Amino acid sequence: MAAQLPIPVYTSLDQAMPDLQTAAVQAVRYNNLVEEFEKRFEHKPSYIARAPGRVNLIGEHIDYVLFGCFPAAIERDIIIACGPSTSAPAGSGGVQAANLDPKYKPQTFVPMLKTGGPTATEEADAANTVHAEASWELDIDTRELRWESYVKAGYYGVLNRFFSPASGSQEHPVPVDLLFTGSVPSGSGLSSSAAMGVASALAFLVLNDKLEGLSKGQLVEMAMQNEKHVGVNSGGLDQAASVICTPHSAIFVNFYPKLTAEPIPLPTPRTVPRAVFVCANSLVVSDKAVTAKFHYNLRVVETLVAARVLGRLLNLPLTATERPTLRVILSRWLGTPEADLEKEDVKSAIERFLPEIEKLRPSREGRAAGEEGVTMKEMIELSGLSEEQFNEVYLSWVEVEAEYFQLYKRTRHVFTEALRVLEFREVCVRAQATEGDLPEETLKQLGALLDASHESCSTLCESSCPEVDELTRLAKAAGAYGSRITGAGWGGCTVSLVAEDRVEEFIAKIKEGYAPYRELSEEKLHDAIFATKPSSGAFGVLC
Ligand code: GLA
(Lines give C-alpha, C1' and ligand atoms only; values in the text may rest on other atoms or scores of the structure.)
Protein backbone atom coordinates (compact mmCIF):
# COMPACT_ATOMS: atom_id res chain seq x y z
CA MET A 1 0.00 0.00 0.00
CA ALA A 2 2.74 2.50 1.01
CA ALA A 3 4.30 1.93 -2.44
CA GLN A 4 1.06 2.91 -4.18
CA LEU A 5 0.85 6.37 -2.62
CA PRO A 6 1.67 9.50 -4.65
CA ILE A 7 4.90 11.42 -4.07
CA PRO A 8 4.00 14.41 -1.90
CA VAL A 9 4.53 17.97 -3.07
CA TYR A 10 3.99 20.40 -0.20
CA THR A 11 3.17 24.08 -0.42
CA SER A 12 5.19 24.93 2.69
CA LEU A 13 8.11 23.48 4.58
CA ASP A 14 6.10 23.12 7.81
CA GLN A 15 3.83 20.60 6.12
CA ALA A 16 6.83 18.55 5.06
CA MET A 17 8.52 18.35 8.46
CA PRO A 18 7.61 15.94 11.27
CA ASP A 19 7.71 18.72 13.93
CA LEU A 20 8.17 22.48 14.28
CA GLN A 21 11.65 22.20 15.74
CA THR A 22 12.91 20.25 12.71
CA ALA A 23 11.09 22.69 10.41
CA ALA A 24 12.87 25.65 12.08
CA VAL A 25 16.31 24.07 11.67
CA GLN A 26 15.65 23.04 8.07
CA ALA A 27 14.15 26.42 7.12
CA VAL A 28 17.61 28.05 7.47
CA ARG A 29 19.13 25.50 5.13
CA TYR A 30 16.30 25.66 2.57
CA ASN A 31 16.27 29.49 2.55
CA ASN A 32 20.01 29.63 2.08
CA LEU A 33 19.75 27.28 -0.92
CA VAL A 34 16.97 29.36 -2.46
CA GLU A 35 18.99 32.58 -2.03
CA GLU A 36 22.08 30.99 -3.56
CA PHE A 37 20.02 29.71 -6.46
CA GLU A 38 18.77 33.24 -7.18
CA LYS A 39 22.32 34.61 -7.06
CA ARG A 40 23.67 31.99 -9.45
CA PHE A 41 20.84 31.70 -11.94
CA GLU A 42 19.25 35.15 -11.62
CA HIS A 43 15.74 33.86 -11.18
CA LYS A 44 13.75 32.20 -8.45
CA PRO A 45 13.54 28.40 -8.18
CA SER A 46 10.10 26.83 -8.54
CA TYR A 47 10.61 23.85 -6.24
CA ILE A 48 12.88 22.14 -3.80
CA ALA A 49 13.22 18.42 -4.44
CA ARG A 50 14.43 16.40 -1.48
CA ALA A 51 15.46 12.78 -0.97
CA PRO A 52 16.99 11.25 2.18
CA GLY A 53 19.81 8.76 2.71
CA ARG A 54 18.94 5.58 4.56
CA VAL A 55 20.24 3.30 7.20
CA ASN A 56 19.58 -0.35 6.56
CA LEU A 57 18.75 -1.82 9.94
CA ILE A 58 18.96 -5.41 8.74
CA GLY A 59 18.88 -7.34 5.44
CA GLU A 60 22.20 -6.77 3.69
CA HIS A 61 23.07 -7.95 0.20
CA ILE A 62 19.76 -9.71 -0.24
CA ASP A 63 17.64 -7.14 -2.09
CA TYR A 64 19.13 -8.01 -5.49
CA VAL A 65 18.15 -11.64 -5.00
CA LEU A 66 14.65 -10.33 -4.16
CA PHE A 67 14.44 -11.01 -0.42
CA GLY A 68 12.94 -8.37 1.89
CA CYS A 69 14.99 -5.82 3.86
CA PHE A 70 14.36 -3.47 6.76
CA PRO A 71 15.66 0.10 6.20
CA ALA A 72 14.71 3.50 7.61
CA ALA A 73 15.24 6.88 5.96
CA ILE A 74 17.61 9.14 7.89
CA GLU A 75 17.35 12.88 8.45
CA ARG A 76 20.44 13.54 6.32
CA ASP A 77 19.43 14.21 2.77
CA ILE A 78 20.04 15.82 -0.63
CA ILE A 79 18.01 18.91 -1.46
CA ILE A 80 17.85 20.55 -4.88
CA ALA A 81 16.50 24.00 -5.63
CA CYS A 82 15.26 23.79 -9.21
CA GLY A 83 13.46 25.78 -11.87
CA PRO A 84 12.97 25.98 -15.64
CA SER A 85 16.04 27.58 -17.20
CA THR A 86 16.35 30.52 -19.55
CA SER A 87 20.09 30.13 -20.00
CA ALA A 88 20.73 26.38 -20.24
CA PRO A 89 22.41 25.33 -23.48
CA ALA A 90 20.44 25.01 -26.69
CA GLY A 91 18.71 21.72 -27.46
CA SER A 92 15.81 20.26 -25.64
CA GLY A 93 16.11 19.51 -21.94
CA GLY A 94 19.50 21.16 -21.37
CA VAL A 95 20.71 21.15 -17.74
CA GLN A 96 22.80 23.56 -15.66
CA ALA A 97 23.70 21.81 -12.43
CA ALA A 98 25.63 23.44 -9.60
CA ASN A 99 26.49 22.37 -6.09
CA LEU A 100 26.91 24.45 -2.94
CA ASP A 101 29.97 22.37 -2.12
CA PRO A 102 32.79 23.95 -4.18
CA LYS A 103 34.52 20.60 -4.59
CA TYR A 104 31.75 19.66 -7.04
CA LYS A 105 32.23 21.90 -10.08
CA PRO A 106 29.22 23.28 -12.01
CA GLN A 107 28.20 21.16 -14.98
CA THR A 108 26.19 21.74 -18.11
CA PHE A 109 24.85 19.02 -20.36
CA VAL A 110 22.21 18.31 -22.97
CA PRO A 111 20.58 14.89 -23.46
CA MET A 112 20.91 13.55 -26.99
CA LEU A 113 18.55 11.32 -28.89
CA LYS A 114 20.55 8.52 -30.47
CA THR A 115 19.36 5.95 -32.96
CA GLY A 116 21.47 3.10 -31.65
CA GLY A 117 24.06 3.44 -34.46
CA PRO A 118 26.48 6.34 -34.69
CA THR A 119 24.61 7.86 -37.64
CA ALA A 120 22.29 10.24 -35.83
CA THR A 121 23.81 13.68 -35.84
CA GLU A 122 23.74 15.70 -32.68
CA GLU A 123 22.02 18.57 -34.53
CA ALA A 124 19.23 16.29 -35.61
CA ASP A 125 18.96 14.99 -32.07
CA ALA A 126 18.94 18.41 -30.54
CA ALA A 127 16.11 19.36 -32.87
CA ASN A 128 14.38 16.20 -31.65
CA THR A 129 14.00 14.54 -35.01
CA VAL A 130 11.81 11.56 -34.29
CA HIS A 131 13.53 8.24 -34.85
CA ALA A 132 11.45 5.14 -34.34
CA GLU A 133 13.97 3.34 -32.11
CA ALA A 134 15.81 6.38 -30.79
CA SER A 135 16.77 6.46 -27.12
CA TRP A 136 18.26 9.12 -24.87
CA GLU A 137 21.97 9.36 -24.18
CA LEU A 138 23.62 11.36 -21.43
CA ASP A 139 27.16 10.16 -21.72
CA ILE A 140 27.93 8.86 -18.25
CA ASP A 141 31.54 7.81 -17.81
CA THR A 142 31.30 4.77 -15.50
CA ARG A 143 35.10 4.50 -15.14
CA GLU A 144 35.30 7.74 -13.28
CA LEU A 145 33.31 8.89 -10.26
CA ARG A 146 31.71 12.24 -11.12
CA TRP A 147 28.99 13.91 -9.06
CA GLU A 148 26.90 14.86 -12.07
CA SER A 149 26.71 11.19 -13.14
CA TYR A 150 23.99 10.72 -10.51
CA VAL A 151 22.14 13.76 -11.84
CA LYS A 152 22.31 12.31 -15.36
CA ALA A 153 21.25 8.89 -14.05
CA GLY A 154 18.23 10.54 -12.41
CA TYR A 155 17.35 12.14 -15.75
CA TYR A 156 17.43 8.89 -17.76
CA GLY A 157 14.25 7.38 -16.37
CA VAL A 158 12.30 10.60 -16.87
CA LEU A 159 13.49 10.99 -20.46
CA ASN A 160 12.88 7.39 -21.41
CA ARG A 161 9.50 7.12 -19.72
CA PHE A 162 7.98 10.43 -20.75
CA PHE A 163 9.91 11.72 -23.75
CA SER A 164 10.73 8.61 -25.69
CA PRO A 165 9.87 8.80 -29.41
CA ALA A 166 9.72 5.00 -29.34
CA SER A 167 6.67 5.25 -27.09
CA GLY A 168 5.12 7.83 -29.38
CA SER A 169 5.96 10.95 -27.36
CA GLN A 170 6.32 14.18 -29.33
CA GLU A 171 7.01 16.26 -26.24
CA HIS A 172 10.31 17.96 -25.42
CA PRO A 173 11.79 18.10 -21.92
CA VAL A 174 12.20 21.64 -20.54
CA PRO A 175 15.68 23.10 -19.91
CA VAL A 176 16.40 23.29 -16.17
CA ASP A 177 18.63 24.91 -13.57
CA LEU A 178 19.52 22.87 -10.48
CA LEU A 179 21.38 23.76 -7.31
CA PHE A 180 22.32 20.91 -4.97
CA THR A 181 23.31 20.63 -1.37
CA GLY A 182 23.60 17.49 0.70
CA SER A 183 24.28 16.20 4.18
CA VAL A 184 24.68 12.47 3.45
CA PRO A 185 28.41 11.68 3.53
CA SER A 186 29.38 10.02 0.24
CA GLY A 187 30.89 6.54 0.26
CA SER A 188 29.69 5.99 3.84
CA GLY A 189 27.07 3.31 3.22
CA LEU A 190 24.19 5.70 3.98
CA SER A 191 23.19 5.79 0.37
CA SER A 192 24.14 9.23 -0.84
CA SER A 193 24.02 7.88 -4.39
CA ALA A 194 20.37 6.81 -4.20
CA ALA A 195 19.49 10.11 -2.51
CA MET A 196 21.18 11.98 -5.38
CA GLY A 197 19.49 9.85 -8.01
CA VAL A 198 16.03 10.04 -6.44
CA ALA A 199 16.20 13.79 -5.72
CA SER A 200 17.41 14.44 -9.29
CA ALA A 201 14.66 12.30 -10.84
CA LEU A 202 12.12 14.11 -8.69
CA ALA A 203 13.40 17.53 -9.81
CA PHE A 204 13.16 16.55 -13.49
CA LEU A 205 9.70 15.06 -12.97
CA VAL A 206 8.24 18.03 -11.15
CA LEU A 207 9.70 20.60 -13.57
CA ASN A 208 8.35 18.68 -16.54
CA ASP A 209 4.96 18.35 -14.87
CA LYS A 210 5.13 14.55 -14.85
CA LEU A 211 4.64 13.81 -11.19
CA GLU A 212 0.90 13.49 -11.22
CA GLY A 213 -0.25 9.89 -11.40
CA LEU A 214 3.18 8.52 -10.55
CA SER A 215 3.26 6.32 -7.43
CA LYS A 216 6.14 6.02 -5.00
CA GLY A 217 6.68 2.45 -6.20
CA GLN A 218 6.99 3.64 -9.81
CA LEU A 219 9.56 6.24 -8.78
CA VAL A 220 11.49 3.51 -6.95
CA GLU A 221 11.50 1.34 -10.07
CA MET A 222 12.62 4.26 -12.19
CA ALA A 223 15.41 5.13 -9.73
CA MET A 224 16.57 1.50 -9.66
CA GLN A 225 16.90 1.44 -13.45
CA ASN A 226 18.63 4.80 -13.33
CA GLU A 227 21.38 3.59 -11.03
CA LYS A 228 22.36 0.89 -13.55
CA HIS A 229 23.54 3.74 -15.78
CA VAL A 230 26.23 4.51 -13.19
CA GLY A 231 27.51 0.95 -13.55
CA VAL A 232 26.14 -0.63 -10.35
CA ASN A 233 23.62 -3.45 -10.49
CA SER A 234 22.08 -2.65 -7.16
CA GLY A 235 18.78 -3.93 -5.81
CA GLY A 236 15.97 -1.60 -4.74
CA LEU A 237 16.68 -1.22 -1.03
CA ASP A 238 18.16 2.29 -1.08
CA GLN A 239 15.70 3.72 -3.56
CA ALA A 240 12.70 2.20 -1.74
CA ALA A 241 13.88 3.64 1.59
CA SER A 242 14.63 7.04 0.08
CA VAL A 243 11.21 7.26 -1.58
CA ILE A 244 8.74 5.33 0.58
CA CYS A 245 9.78 5.79 4.24
CA THR A 246 7.68 7.74 6.69
CA PRO A 247 8.80 9.48 9.92
CA HIS A 248 8.96 7.34 13.09
CA SER A 249 8.98 4.02 11.16
CA ALA A 250 11.30 1.72 9.33
CA ILE A 251 9.88 -0.15 6.36
CA PHE A 252 9.79 -3.83 5.62
CA VAL A 253 10.36 -3.71 1.89
CA ASN A 254 9.79 -6.76 -0.23
CA PHE A 255 10.71 -7.24 -3.87
CA TYR A 256 9.04 -10.50 -4.86
CA PRO A 257 6.77 -11.08 -6.73
CA LYS A 258 6.42 -7.27 -6.78
CA LEU A 259 7.61 -4.27 -4.82
CA THR A 260 5.67 -3.78 -1.58
CA ALA A 261 6.50 -1.81 1.55
CA GLU A 262 5.06 -1.96 5.03
CA PRO A 263 5.90 0.83 7.52
CA ILE A 264 6.81 -0.76 10.86
CA PRO A 265 7.24 1.50 13.90
CA LEU A 266 10.37 0.69 15.86
CA PRO A 267 9.69 -0.48 19.38
CA THR A 268 11.22 2.55 21.05
CA PRO A 269 8.49 4.85 22.42
CA ARG A 270 7.15 2.64 25.19
CA THR A 271 10.25 0.64 26.02
CA VAL A 272 12.21 0.96 29.20
CA PRO A 273 14.87 2.01 28.43
CA ARG A 274 14.05 3.70 25.13
CA ALA A 275 16.53 2.84 22.41
CA VAL A 276 17.83 4.61 19.32
CA PHE A 277 19.98 3.70 16.35
CA VAL A 278 23.45 5.22 16.21
CA CYS A 279 25.35 5.39 12.91
CA ALA A 280 29.14 5.41 13.10
CA ASN A 281 31.22 6.06 10.01
CA SER A 282 34.41 4.01 9.86
CA LEU A 283 35.82 6.77 7.64
CA VAL A 284 36.92 4.07 5.23
CA VAL A 285 35.43 5.40 2.02
CA SER A 286 34.02 2.71 -0.17
CA ASP A 287 32.35 3.76 -3.32
CA LYS A 288 30.47 0.87 -4.81
CA ALA A 289 30.63 2.38 -8.29
CA VAL A 290 34.44 2.37 -8.15
CA THR A 291 35.02 -1.10 -6.68
CA ALA A 292 32.01 -2.80 -8.27
CA LYS A 293 33.85 -5.44 -10.24
CA PHE A 294 35.52 -7.16 -7.28
CA HIS A 295 33.01 -6.21 -4.60
CA TYR A 296 29.39 -5.28 -5.24
CA ASN A 297 28.78 -6.56 -8.75
CA LEU A 298 30.77 -9.68 -7.94
CA ARG A 299 28.30 -10.47 -5.11
CA VAL A 300 25.45 -9.97 -7.59
CA VAL A 301 26.98 -12.42 -10.06
CA GLU A 302 27.97 -14.96 -7.38
CA THR A 303 24.43 -15.10 -5.99
CA LEU A 304 22.86 -15.29 -9.44
CA VAL A 305 25.09 -18.15 -10.54
CA ALA A 306 24.56 -19.84 -7.17
CA ALA A 307 20.81 -19.75 -7.82
CA ARG A 308 21.20 -21.61 -11.14
CA VAL A 309 23.62 -24.14 -9.70
CA LEU A 310 21.38 -24.79 -6.70
CA GLY A 311 18.38 -25.08 -9.00
CA ARG A 312 20.19 -27.76 -10.99
CA LEU A 313 21.31 -29.62 -7.88
CA LEU A 314 17.68 -29.65 -6.72
CA ASN A 315 16.40 -30.74 -10.15
CA LEU A 316 14.26 -27.64 -10.54
CA PRO A 317 13.08 -26.53 -14.00
CA LEU A 318 15.47 -24.01 -15.60
CA THR A 319 15.83 -22.74 -19.15
CA ALA A 320 19.21 -21.97 -20.70
CA THR A 321 18.72 -18.26 -21.01
CA GLU A 322 16.97 -17.34 -17.77
CA ARG A 323 18.75 -15.87 -14.77
CA PRO A 324 16.65 -16.82 -11.72
CA THR A 325 17.42 -15.29 -8.33
CA LEU A 326 17.72 -17.23 -5.08
CA ARG A 327 14.23 -16.02 -4.07
CA VAL A 328 12.82 -17.48 -7.28
CA ILE A 329 14.62 -20.77 -6.64
CA LEU A 330 12.97 -20.93 -3.21
CA SER A 331 9.56 -20.49 -4.83
CA ARG A 332 10.25 -23.16 -7.44
CA TRP A 333 11.36 -25.53 -4.71
CA LEU A 334 8.12 -24.79 -2.87
CA GLY A 335 6.14 -25.18 -6.08
CA THR A 336 4.62 -21.72 -5.69
CA PRO A 337 6.20 -19.59 -8.43
CA GLU A 338 5.01 -15.98 -8.48
CA ALA A 339 2.85 -16.45 -5.37
CA ASP A 340 2.67 -13.63 -2.85
CA LEU A 341 3.37 -15.77 0.23
CA GLU A 342 2.66 -14.52 3.72
CA LYS A 343 5.81 -13.52 5.63
CA GLU A 344 5.28 -16.41 8.07
CA ASP A 345 5.20 -18.85 5.16
CA VAL A 346 8.40 -17.46 3.66
CA LYS A 347 10.02 -17.76 7.08
CA SER A 348 9.09 -21.39 7.55
CA ALA A 349 10.01 -22.14 3.92
CA ILE A 350 13.50 -20.72 4.46
CA GLU A 351 13.90 -22.76 7.64
CA ARG A 352 13.03 -25.93 5.74
CA PHE A 353 15.21 -24.93 2.78
CA LEU A 354 18.42 -24.24 4.76
CA PRO A 355 19.67 -27.87 4.75
CA GLU A 356 19.37 -27.93 0.92
CA ILE A 357 22.00 -25.18 0.68
CA GLU A 358 24.59 -27.65 1.92
CA LYS A 359 24.48 -29.22 -1.56
CA LEU A 360 26.44 -26.19 -2.73
CA ARG A 361 29.25 -26.63 -0.21
CA PRO A 362 32.44 -27.13 -2.24
CA SER A 363 34.69 -30.05 -1.46
CA ARG A 364 37.84 -28.71 0.17
CA GLU A 365 40.00 -31.59 -0.95
CA GLY A 366 43.32 -30.33 -2.21
CA ARG A 367 42.37 -26.71 -1.53
CA ALA A 368 44.11 -24.34 0.83
CA ALA A 369 42.11 -22.09 3.18
CA GLY A 370 40.73 -19.15 1.23
CA GLU A 371 40.44 -21.27 -1.89
CA GLU A 372 37.20 -22.97 -0.92
CA GLY A 373 35.24 -21.39 -3.72
CA VAL A 374 35.04 -22.45 -7.34
CA THR A 375 37.06 -21.20 -10.28
CA MET A 376 35.41 -19.62 -13.30
CA LYS A 377 35.86 -22.88 -15.23
CA GLU A 378 34.27 -24.93 -12.43
CA MET A 379 31.45 -22.43 -12.09
CA ILE A 380 30.63 -22.67 -15.80
CA GLU A 381 30.61 -26.46 -15.57
CA LEU A 382 28.30 -26.38 -12.54
CA SER A 383 25.93 -24.03 -14.35
CA GLY A 384 25.32 -26.62 -17.07
CA LEU A 385 25.72 -23.93 -19.74
CA SER A 386 28.27 -23.71 -22.52
CA GLU A 387 30.94 -21.06 -21.99
CA GLU A 388 29.27 -18.93 -24.62
CA GLN A 389 25.83 -19.23 -23.01
CA PHE A 390 27.28 -18.56 -19.57
CA ASN A 391 29.02 -15.41 -20.75
CA GLU A 392 25.87 -14.21 -22.42
CA VAL A 393 23.62 -14.81 -19.41
CA TYR A 394 25.94 -13.92 -16.53
CA LEU A 395 28.78 -11.78 -17.77
CA SER A 396 27.75 -9.83 -20.86
CA TRP A 397 26.13 -7.05 -18.78
CA VAL A 398 28.65 -6.75 -15.97
CA GLU A 399 32.38 -6.85 -15.32
CA VAL A 400 33.60 -9.00 -12.43
CA GLU A 401 36.98 -10.18 -11.24
CA ALA A 402 37.83 -13.04 -8.85
CA GLU A 403 40.01 -16.10 -8.66
CA TYR A 404 37.49 -18.08 -6.61
CA PHE A 405 33.74 -17.54 -6.63
CA GLN A 406 32.05 -18.26 -3.30
CA LEU A 407 28.69 -19.69 -4.25
CA TYR A 408 28.08 -21.58 -1.00
CA LYS A 409 29.09 -18.84 1.44
CA ARG A 410 27.05 -16.16 -0.37
CA THR A 411 23.98 -18.39 -0.53
CA ARG A 412 24.21 -19.27 3.14
CA HIS A 413 24.45 -15.55 3.95
CA VAL A 414 21.42 -14.75 1.80
CA PHE A 415 19.05 -17.29 3.32
CA THR A 416 20.10 -16.79 6.94
CA GLU A 417 19.96 -13.00 6.53
CA ALA A 418 16.52 -13.18 4.90
CA LEU A 419 15.39 -15.19 7.92
CA ARG A 420 16.83 -12.65 10.36
CA VAL A 421 14.95 -9.85 8.61
CA LEU A 422 11.67 -11.70 9.08
CA GLU A 423 12.51 -12.38 12.72
CA PHE A 424 13.40 -8.71 13.26
CA ARG A 425 10.11 -7.67 11.72
CA GLU A 426 8.25 -10.13 13.92
CA VAL A 427 9.84 -8.78 17.12
CA CYS A 428 8.88 -5.21 16.10
CA VAL A 429 5.32 -6.18 15.19
CA ARG A 430 4.88 -8.14 18.45
CA ALA A 431 6.25 -5.19 20.42
CA GLN A 432 3.75 -2.88 18.74
CA ALA A 433 0.90 -5.12 19.82
CA THR A 434 2.12 -5.35 23.42
CA GLU A 435 0.23 -3.27 25.95
CA GLY A 436 2.23 -1.32 28.52
CA ASP A 437 6.00 -1.22 28.89
CA LEU A 438 8.13 -3.57 26.88
CA PRO A 439 10.68 -5.72 28.61
CA GLU A 440 14.33 -4.94 27.85
CA GLU A 441 14.42 -8.44 26.45
CA THR A 442 12.85 -7.06 23.24
CA LEU A 443 15.86 -4.85 22.66
CA LYS A 444 18.19 -7.72 23.44
CA GLN A 445 16.43 -9.87 20.83
CA LEU A 446 16.79 -7.15 18.20
CA GLY A 447 20.42 -6.64 19.21
CA ALA A 448 21.21 -10.34 18.87
CA LEU A 449 19.80 -10.31 15.33
CA LEU A 450 21.97 -7.30 14.46
CA ASP A 451 25.06 -9.05 15.80
CA ALA A 452 24.31 -12.25 13.91
CA SER A 453 23.77 -10.23 10.75
CA HIS A 454 27.15 -8.58 11.14
CA GLU A 455 28.88 -11.89 11.68
CA SER A 456 27.32 -13.21 8.48
CA CYS A 457 28.23 -10.07 6.49
CA SER A 458 31.75 -10.35 7.76
CA THR A 459 32.43 -14.07 7.31
CA LEU A 460 29.99 -15.30 4.63
CA CYS A 461 29.19 -12.29 2.49
CA GLU A 462 32.66 -10.87 3.16
CA SER A 463 31.42 -7.34 2.73
CA SER A 464 32.97 -5.88 5.89
CA CYS A 465 36.52 -4.68 6.56
CA PRO A 466 38.79 -4.63 9.65
CA GLU A 467 37.89 -1.05 10.64
CA VAL A 468 34.15 -1.73 10.51
CA ASP A 469 34.61 -5.00 12.44
CA GLU A 470 36.53 -3.05 15.06
CA LEU A 471 33.76 -0.44 15.31
CA THR A 472 31.14 -3.11 15.95
CA ARG A 473 33.31 -4.68 18.65
CA LEU A 474 33.80 -1.28 20.28
CA ALA A 475 30.07 -0.62 20.08
CA LYS A 476 29.28 -3.84 21.88
CA ALA A 477 31.90 -3.10 24.53
CA ALA A 478 30.36 0.38 24.93
CA GLY A 479 26.99 -1.17 25.76
CA ALA A 480 25.13 -1.42 22.43
CA TYR A 481 22.41 -4.09 22.32
CA GLY A 482 23.69 -5.00 18.88
CA SER A 483 25.86 -3.55 16.14
CA ARG A 484 26.39 -4.28 12.48
CA ILE A 485 27.69 -2.96 9.20
CA THR A 486 25.07 -1.15 7.15
CA GLY A 487 24.88 -0.71 3.38
CA ALA A 488 27.03 -2.14 0.64
CA GLY A 489 30.07 -2.40 2.90
CA TRP A 490 33.84 -2.69 2.46
CA GLY A 491 33.97 0.45 4.58
CA GLY A 492 31.23 2.93 5.39
CA CYS A 493 29.04 2.88 8.49
CA THR A 494 27.90 0.68 11.32
CA VAL A 495 24.48 0.91 12.91
CA SER A 496 24.10 0.12 16.62
CA LEU A 497 21.07 -0.17 18.84
CA VAL A 498 21.77 1.88 21.96
CA ALA A 499 19.74 2.89 25.04
CA GLU A 500 18.77 6.52 24.47
CA ASP A 501 19.93 7.73 27.87
CA ARG A 502 23.38 6.26 27.21
CA VAL A 503 24.02 7.71 23.75
CA GLU A 504 26.45 10.41 24.92
CA GLU A 505 28.45 8.00 27.00
CA PHE A 506 28.37 5.52 24.10
CA ILE A 507 29.74 8.09 21.63
CA ALA A 508 32.45 9.16 24.09
CA LYS A 509 33.57 5.55 24.48
CA ILE A 510 33.72 4.98 20.73
CA LYS A 511 35.68 8.20 20.30
CA GLU A 512 38.18 7.00 22.85
CA GLY A 513 38.46 3.51 21.38
CA TYR A 514 38.44 4.15 17.63
CA ALA A 515 41.77 5.71 16.66
CA PRO A 516 40.54 7.58 13.52
CA TYR A 517 38.05 9.51 15.74
CA ARG A 518 40.55 10.75 18.30
CA GLU A 519 41.83 13.66 16.27
CA LEU A 520 38.44 14.78 14.94
CA SER A 521 37.01 18.20 15.83
CA GLU A 522 33.65 18.21 17.62
CA GLU A 523 31.94 19.13 14.34
CA LYS A 524 33.63 16.37 12.35
CA LEU A 525 32.90 13.88 15.11
CA HIS A 526 29.24 14.84 15.04
CA ASP A 527 29.30 14.16 11.31
CA ALA A 528 30.93 10.78 11.80
CA ILE A 529 28.84 9.37 14.66
CA PHE A 530 25.26 10.33 15.40
CA ALA A 531 21.96 8.99 16.67
CA THR A 532 19.31 9.02 13.98
CA LYS A 533 15.54 9.15 13.94
CA PRO A 534 13.57 7.54 11.11
CA SER A 535 12.75 10.35 8.71
CA SER A 536 10.33 10.79 5.82
CA GLY A 537 10.96 9.72 2.24
CA ALA A 538 11.32 11.97 -0.82
CA PHE A 539 9.10 14.99 -1.38
CA GLY A 540 8.91 18.26 -3.26
CA VAL A 541 8.19 21.69 -1.78
CA LEU A 542 6.81 24.54 -3.81
CA CYS A 543 8.97 27.68 -3.53
C1 GLA B 1 23.90 -1.03 -1.66
C2 GLA B 1 22.90 -1.27 -2.77
C3 GLA B 1 21.63 -1.88 -2.22
C4 GLA B 1 21.92 -3.11 -1.37
C5 GLA B 1 23.03 -2.80 -0.35
C6 GLA B 1 23.49 -4.03 0.38
O7 GLA B 1 23.47 -0.05 -0.78
O8 GLA B 1 22.62 -0.08 -3.45
O9 GLA B 1 20.75 -2.17 -3.28
O10 GLA B 1 22.24 -4.19 -2.17
O11 GLA B 1 24.16 -2.22 -0.96
O12 GLA B 1 22.48 -4.52 1.16
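Begin by selecting D77 and R29, whose side chains form a salt bridge with 2.6 Å between the closest N and O atoms. This is a predicted model, and the distances in this tour are computed from it. The two partners belong to distant parts of the chain, 48 residues apart: D77 sits in strand 3 (residues 70–84), whereas R29 belongs to helix 2 (residues 20–41). Colour the pair by accessibility. D77 is buried, because its relative accessible area is 2%. R29, at 21% relative accessibility, counts as partly exposed, since the buried class ends under 20%.

**Further salt bridges**

The structure contains 32 salt bridges. Select next K359 and E356, another such pair, whose closest N and O atoms are 2.4 Å apart. Which of these two residues is buried, and which is partly exposed? E356 is the buried partner, with a relative accessible area of 17%, while K359 is partly exposed at 45%.

Move then to helix 17 (residues 503–513), which holds both E505 and K509. Their side chains meet in a salt bridge of 3.4 Å, N to O. The two residues are 4 residues apart, about one turn of the helix. An α-helix has 3.6 residues a turn, so residues three or four places apart point the same way. Both residues of this pair are partly exposed: E505 has a relative accessible area of 37%, and K509 stands at 36%.

For a group rather than a pair, select R299, E302, K409, R410 and E462 together. These five residues are linked in a network of salt bridges.

**An enclosed helix**

Now select helix 7, residues 237–244. How many of the residues of this helix are buried? The count is 8 of the 8, so helix 7 is largely enclosed by the rest of the structure. In the viewer, step through L237, D238, Q239, A240, A241, S242, V243 and I244, which are the buried residues of this helix.

**A contact across the chain**

Select V429, which is found in helix 14 (residues 407–433). V429 is partly exposed, with a relative accessible area of 29%. Add I264 to the selection and draw a line between the two C-alpha atoms. These atoms are separated by 7.1 Å, although V429 and I264 are 165 residues apart along the chain.

**The ligand**

The last stop is the ligand. Display the residues around it, of which there are 13. Which of them come nearest? They are E60, H61, D63, D238 and Y296. D238 has already appeared on this tour, among the buried residues of helix 7. By character, the shell around the ligand divides into 4 nonpolar, 4 polar and 5 charged residues.

Three contacts with oxygen atoms of the ligand merit separate selection. At R54, an N or O atom of the side chain is 3.0 Å from a ligand oxygen. At H61, a backbone N or O atom lies 2.7 Å from a ligand oxygen. At A488, a polar backbone atom is 3.4 Å from a ligand oxygen. Finally, show the surface of the protein around the ligand. On its own the ligand has 300 Å² of accessible area, and the protein covers 99% of that area.

Key: Residues are numbered from 1 along each chain as its sequence is written. This is a predicted model: local features need pLDDT of at least 70, side-chain atom pairs count only at pLDDT 80 or more; totals for chains, interfaces and linings use all residues. Side-chain values use heavy atoms; hydrogens and water are left out. A salt bridge is a side-chain nitrogen of Lys or Arg within 4 Å of a carboxyl oxygen of Asp or Glu. Buried means under 20% relative accessible area, exposed over 50%, partly exposed in between (1.4 Å probe, protein chains only). A residue is near a molecule or strand if one of its heavy atoms lies within 4 Å of it. A polar contact is a pair of N or O atoms within 3.5 Å; within protein, one must be able to donate a hydrogen and the other to accept it, and residues adjacent in sequence count only if both atoms are side-chain atoms. Accessible areas come from the Shrake-Rupley method with a 1.4 Å probe; for residues, only the protein chains shown count as cover. Ala, Val, Leu, Ile, Met, Phe, Trp, Tyr, Cys and Pro count as nonpolar, Asp, Glu, Lys and Arg as charged, and the others, Gly among them, as polar.
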